[in-house]
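Me: I am new to this structure and would like to understand how the words used for it are justified. Could we take the terms one at a time?

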Amino acid sequence: MAVLEILTIPDERLKRVSQPVEVFDDELRAFIDDLEETRLDGPAAVGIAAPQVGREQRILIMDVSNTRKPVPNHGYLVLINPEITHWDGYEMGREGCLSVPDYTGNVIRATHIKVKAQDPHGQPLEYEMEGYEARALQHEMDHLDGMLFIDRVVSRRTDLFRRKVYQKGGKG
Ligand code: NI
């Protein structure tokens, strides 16, 4: 296992659209182990997506179970080729990102979603998510389409906040 280098803004590779995973082999699973080790390195992040370490494939890992938001969640998830099939409601909430180390921002996200994906062996998965977990998924899926949360803030003047200290939690 290895901790991988995380790309940060303004790296242009973060703006690319990632490709679907078609081969579910040991190499993929070894990469997922490295991606998880990278997520947990330093203050653990809520989520990480493959393009953040320069692998332009539709792979993400997330785990909101250790955050302060006491809503139902599914714990540790590896989602490959995720697709949102349903969404409801919206709310503003604060987000951060390993690829945007100096800022947090307020972003509007759906509050209730259904997602289909595959696991590291290619088997189908389906989840309903709400609240902070739904937010984290939408944030990570944006990475797969070359989007960052700073692209979604309504106003960079009022909805972006400089971090004083890189705090634990809340990052994806
Ligand atoms: Ni992120």
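Me: What are Arg-109 and Glu-95 called, buried or exposed?

Reply: In this predicted model, both Arg-109 and Glu-95 are buried, a word that is kept for residues with under 20% relative accessible area.

Me: What makes the contact of Arg-109 and Glu-95 a salt bridge?

Reply: The term asks for a side-chain nitrogen of Lys or Arg within 4 Å of a carboxyl oxygen of Asp or Glu, and the side chains of Arg-109 and Glu-95 meet at 2.8 Å, N to O, so the pair fits the term. Arg-109 lies in strand β5 and Glu-95 in strand β4, so the salt bridge ties together parts that are 14 residues apart in sequence. The two residues also belong to a network of salt bridges that links Glu-95, Arg-109, Arg-135, Asp-142 and Arg-152.

Me: How do you know that Arg-16 and Glu-56 are partly exposed?

Reply: Partly exposed covers what falls between the buried limit of 20% and the exposed limit of 50%. Arg-16 has a relative accessible area of 42% and Glu-56 has one of 24%, so each value lies between those limits. Their side chains meet in a salt bridge at 2.9 Å, N to O, and because Arg-16 lies in the segment before α1 while Glu-56 lies in the loop between β1 and β2, the pair ties together parts that are 40 residues apart in sequence.

Me: Why is Asp-26 called exposed?

Reply: Its relative accessible area is 60%, and since exposed means over 50%, Asp-26 qualifies. The side chain of Asp-26 meets that of Arg-29 in a salt bridge of 2.9 Å, N to O, and both residues lie in helix α1, three residues apart, about one turn of the helix.

Me: Why is α2 described as largely enclosed by the rest of the structure?

Reply: The description holds because 14 of the 14 residues of α2 are buried.

Me: How do you know that the length of α2 agrees with a helix of 14 residues?

Reply: At 1.5 Å a residue, helix α2 (residues 131-144) should span 20 Å, and its end C-alpha atoms are 21 Å apart, which agrees. Just after α2, Gly-146 takes a positive phi of about 75 degrees.

Me: What does α2 give to the lining of the second largest pocket?

Reply: The second largest pocket has a volume of about 230 Å³, and α2 gives the most to its lining, with three residues. The lining residues divide into six nonpolar, one polar and four charged, and Arg-109 is among them.

Conventions:
Residues are numbered from 1 along each chain as its sequence is written. This is a predicted model: local features need pLDDT of at least 70, side-chain atom pairs count only at pLDDT 80 or more; totals for chains, interfaces and linings use all residues. Side-chain values use heavy atoms; hydrogens and water are left out. Helices (H or I, at least four residues) and strands (E, at least two) are DSSP runs, numbered from the N terminus. The expected span of a helix is 1.5 Å times one less than its number of residues. Buried means under 20% relative accessible area, exposed over 50%, partly exposed in between (1.4 Å probe, protein chains only). On a 1 Å grid over the protein atoms alone, a cavity is a set of points where a 1.4 Å probe fits but cannot get out, and a pocket is an open set with protein on both sides within 12 Å along at least five of seven lines; lining residues have an atom within 4 Å of a point. Grid points are joined across faces, edges and corners, and a volume is the space filled by probe spheres set on the points. Ala, Val, Leu, Ile, Met, Phe, Trp, Tyr, Cys and Pro count as nonpolar, Asp, Glu, Lys and Arg as charged, and the others, Gly among them, as polar.
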